[in-house]
Amino acid sequence: MSPVPEITPYVWAEITDYDLDLWHRHLAGFVPPDAFDAHAHLWRTQDLGSPTPALAAAGPAVVTREVYDERLSLWMPDRSPTGGLFFPFPTRVLDVEGANRHLAEEMRKDPDSRGLMIATPRQDPAAVERQLDDDGFVGFKVYHLFADRPDTLFAPTGEFIPEWAWELADQRGLFIMLHMVLPRAVAEEENQRYIREHCIRYPNAKLILAHAARGFCGRHTVEGIASLRGLDNVFFDTSAVCEASAFEAILEVFGPTRLWHGADFCVTEMRSRCVNLADGFLWLDEIRADFSKSRFARPTLLGLESLLALKEACENQHLDATDVEEIFCLGARRQLGLPLPRPVPDVQAAYRVAKSLIPGGTQLLSKRPEMFAPEQWPAYYREARGCEVIDLEGRKFLDFSLGGILSTILGAADPDVNAAVIRRVSLGAMSTLQTHDEVELAQELIEIHPWAEQVRFTRSGGETMAVAVRIARASTGRDKVALCGYHGWHDWYLAANLGGENLGGHLLPGLDPAGVPAALAGHTMTFHYNRLDELDEILTQHSGELAAIVMEPTRYTDPEPGFLEGVRERCDRHGIRLIFDEISVGWRLCPGGAHLKYGVTPDLAVFAKALGNGFPVGAVVGKAATMEAAQRSFISSTFWTEGVGPAAALACVRKMRRIDVPAHLAAIGNLVRTGWMELGGKHGLPVKVGGRPEMALLAFEHPESAALLTLMTARMLKRGFLAAGGFNSMLAHEEHHVALYLAALDEVFAELASAIAANDITGRIGGPVKHTGFARLT
């Protein structure tokens with residue numbers, strides 16, 4: 001049957017008013033200027049062999065950058081790409097050498113674009129390497145068509161990507177673009193296994209999964225994309241995919257910096273599209289659909305169909321114009337080392353502005369750039385997933401520092417926690433009524449802590465500690481508190497520094513009690529961890545006045561035998577409430593509070609940080625006899641009733657009950673600590689490793705320890721790592737992340753040793769030395 005004229009799929013069609021109407025109504029305001037096309041073909045028909053594919057034969061005999069520009073400008077007026085990633089058109093009988101030569105000639109004329117050479121298992125790797133040097137290709141385009149089997153759509157990936165291509169890509173930092181095959185693409189375990197193994201084995205190679213991980217059936221990408229989570233060298237293009245669900249799945253797992261616009265010229269010129277069909281897909285041109293029988297369906301160019309699907313995905317994911325610009329303009333160019341079409345925000349300039357608007361520059365002391373590498377540490381992030389952070393300028397870092405200040409125990413944007421939060425936000429995060437999630441969360445916490453009977457919820461750590469102290473005071477009718485360790489910013493805590501630096505040895509030195517009423521002097525007393533004798537001195541004078549003893553059950557060191565038991569016994573003897581601050585250490589050593597590991601129960605236990613995996617939520621868990629006092633004191637807040645915190649915490653707690661998170665944190669932390677010590681020995685550095693695997697500390701036994709840490713941080717930033725004097729492991733950290741971190745640290749430690757030898761530590765930093773405690777910013 002002859003095809004209907006409107007759908008002539010293998011003829012480069014005339015652009016119609018209908019096409020242009022679609023563009024202007026739906027896409028002209030969506031596609032930003034200076035787009036980059038990360039997937040496009042250039043070819044000569046003489047290289048394609050016989051018979052020439054009809055789609056290629058429908059165009060000129062020689063397809064150049066000029067031909068490409070002319071065609072795309074017809075249906076993307078004023079928005080056609082100004083640069084691209086190009087490669088030859090594939091056939092089974094392709095003259096590979098000729099096709100690559102034509103591409104090289106075109107790329108020499110276009111400084112704003114880059115080329116991928118065709119690579120096949122039959123090529124000589126030495127000759128390929130020479131061609132890389134001669135022609136400046138940035139990587140390889142591989143095709144199943146070059147597998148040595150009749151039906152190449154069922155070829156395992158290893159049959160058409162030669163291992164030497166991976167080796168060269170790893171050595172040179174090259175790209176490999178892969179069009180996956182097998183029936184279910186990325187949903188196939190064989191493909192998942194191959195991609196993970198090779199991306200981890202060759203960490204400097206960059207893999208582009210073409211066609212949204214071959215998401216022609218969007219369900220396949222939706223089902224399989226999570227298997228690639230945590231891989232730092234995987235990227236995706238949008239080429240020829242017309243199912244929004246495939247794009248949405250990638251955006252959810254990898255974000256807009258990893259998804260690159262690709263048109264797939266000359267497939268763009270077909271009046272067709274691919275559609276989901278059960279567990280597969282169908283190209284409409286294959287069935288020669290007769291659109292003349294439909295009153296509403298009219299075919300358009302596949303390039304427009306794909307853009308419409310991408311727009312739908314971006315809208316469904318609530319992306320803004322800056323996110324869309326990453327997809328179209330910035331992401332691919334940044335990875336290819338090409339100039340960006342316009343300036344991106346300057347993260348250091350942004351922080352300088354912030355310091356004039358926000359006292360102290362940040363809301364949290366521990367996030368001040370001055371605590372890491374002043375004038376170099378990026379203050380602001382635009383994306384965070386797993387252990388990957390992308391700053392305001394679009395630079396990618398692996399977080400081997402504070403892990404969201406101990407809050408993202410599962411890793412940033414954990415999919416299970418995010419799903420619960422997104423559901424709650426979509427259904428309503430605040431109401432005149434309560435969220436029942438808090439009841440279920442209370443039940444979970446009490447089940448984990450069988451000594452406890454009641455729970456109150458808040459939304460941050462410091463205020464939760466203030467609530468716990470208020471409850472203890474109300475319960476006992478007493479005012480004074482004895483503490484050890486760091487417990488926040490509220491008056492009850494900072495009152496310890498009225499009249500002297502009594503908190504100097506309790507994690508953060510230099511905490512000025514300015515603004516704390518002088519009348520609170522003497523209400524808060526301090527003792528040191530594992531020092532029952534110091535606690536006894538306080539009790540000798542104040543046992544009848546103490547409402548509570550506040551402490552962490554542990555932080556960086558384990559309690560000495562009898563210490564926690566001794567504190568518990570003294571509380572019981574004197575009618576004092578024991579409050580365990582589990583905000584930092586909770587969930588890291590065992591499911592629930594660390595006190596469970598030691599078998600000593602408090603009257604109240606306080607949780608925040610990891611409880612919601614980075615979403616605001618806090619909890620006071622306690623015995624009913626003490627908790628009932630909360631009803632005699634006014635403890636109430638509107639935003640303690642919103643729905644996001646409990647939804648996040650419920651999902652997080654349930655996940656931590658399913659997965660042995662503490663074992664993973666310890667294993668990753670031990671790898672890092674061992675690496676620190678081995679690299680310190682290798683380079684003769686005075687490394688001092690402290691803390692525990694789950695909350696590791698790094699210092700240098702050197703008079704300029706702070707300067708050495710600053711220099712280390714500054715150099716690791718240049719290598720793509722957030723690194724500091726502390727490392728809080730997360731579930732998202734994997735062994736291959738640690739290997740990359742330690743490889744970079746090996747180079748940096750060599751420079752630190754050189755700086756010590758040359759007595760030139762501060763001179764190499766490139767900025768001021770880090771702060772070591774609380775200080776006023778200027």
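**Questions about a sheet, its cysteines and its hollows**

In this predicted model, 6 strands form an open sheet with parallel pairing, in the order β6-β7-β8-β9-β10-β11.

Me: Which strands stand at the edges of this sheet, each with a single partner strand?
Reply: Let's read the order from end to end: β6-β7-β8-β9-β10-β11. The strand at either end has a single partner, so one side of it is left without a neighbour in the sheet. The edge strands are β6 (117-118) and β11 (259-260).

Me: In β7, which residue is the bridge partner of Ile118?
Reply: Start with the strands themselves: β6 and β7 (residues 139-142) pair in the parallel sense over 2 bridges. Look in β7 for the residue that is bridged to Ile118, and you will find Lys141.

Me: Over how many bridges do β9 and strand β10 pair?
Reply: In the sheet order, β9 is followed by β10. Here Ile208 has Phe235 in β10 as its bridge partner. Strand β10 covers residues 234-237, and its parallel pairing with β9 runs over 3 bridges.

Me: Are the residues on the two faces of strand β9 buried or exposed?
Reply: Good one to check in the structure! In a regular strand the side chains alternate between the two faces of the sheet. In β9 (residues 206-209), Lys206 and Ile208 are on one side, while Leu207 and Leu209 are on the other. Both faces are covered, and these four residues are all buried.

Me: Through which helix does the chain cross from β8 to β9?
Reply: Strands β8 (residues 175-178) and β9 pair in the parallel sense over 4 bridges. The chain makes a right-handed β-α-β crossover between them, and the helix it passes through, residues 189-201, is α8.

Me: Why is Cys314 too far from the closest cysteine sulfur for a bond?
Reply: A disulfide is a covalent bond between the sulfur atoms of two cysteines. To count as one here, the two sulfur atoms must lie within 2.5 Å. The closest cysteine sulfur to that of Cys314 is in Cys329, and the distance between them is 12 Å.

Me: How many disulfides does a search of the whole structure find?
Reply: Cys571 makes a nice second example, since it is in no disulfide and the nearest cysteine sulfur, that of Cys484, is 11 Å away. Cys571 is also buried, with a relative accessible area of 1%. For the whole structure, the number of disulfides found is 0.

Me: Which element gives the largest share of the lining of the largest cavity?
Reply: The largest cavity holds about 90 Å³ of space, and among the residues lining it are Phe235, Arg258 and Gln335. Two elements give two or more residues to this lining, α13 (321-336) and β15 (388-391). The largest share, 3 residues, comes from α13.

Me: How many charged residues are in the lining of the second largest cavity?
Reply: This cavity has about 40 Å³ of space, and helix α12 (residues 302-316) gives the most to its lining, with 3 residues. By class, the lining has 4 nonpolar and 5 polar residues, and the charged residues number none.

Me: What is the volume of the second largest pocket?
Reply: First, meet its lining: there are 32 residues, and His144, Leu153, His179, Val267 and Trp283 lie nearest the centre. By class, they divide into 20 nonpolar, 7 polar and 5 charged residues. The volume of this pocket is about 990 Å³.

Key:
Residues numbered from 1 in each chain as written. Predicted model: local features only at pLDDT ≥ 70, side-chain atom pairs only at ≥ 80, totals over all residues. Heavy atoms only, no water. Pairing = 2+ DSSP bridges. Buried < 20%, exposed > 50% of the residue type's maximum accessible area, 1.4 Å probe, protein only. Right-handed = clockwise from strand over helix to strand, strands pointing away. 1 Å grid on protein atoms, 1.4 Å probe; cavity = no way out; pocket = protein on both sides within 12 Å on 5 of 7 lines; lining within 4 Å. Points joined across faces, edges and corners; volume = space filled by probe spheres on them. Nonpolar A, V, L, I, M, F, W, Y, C, P; charged D, E, K, R; others polar.
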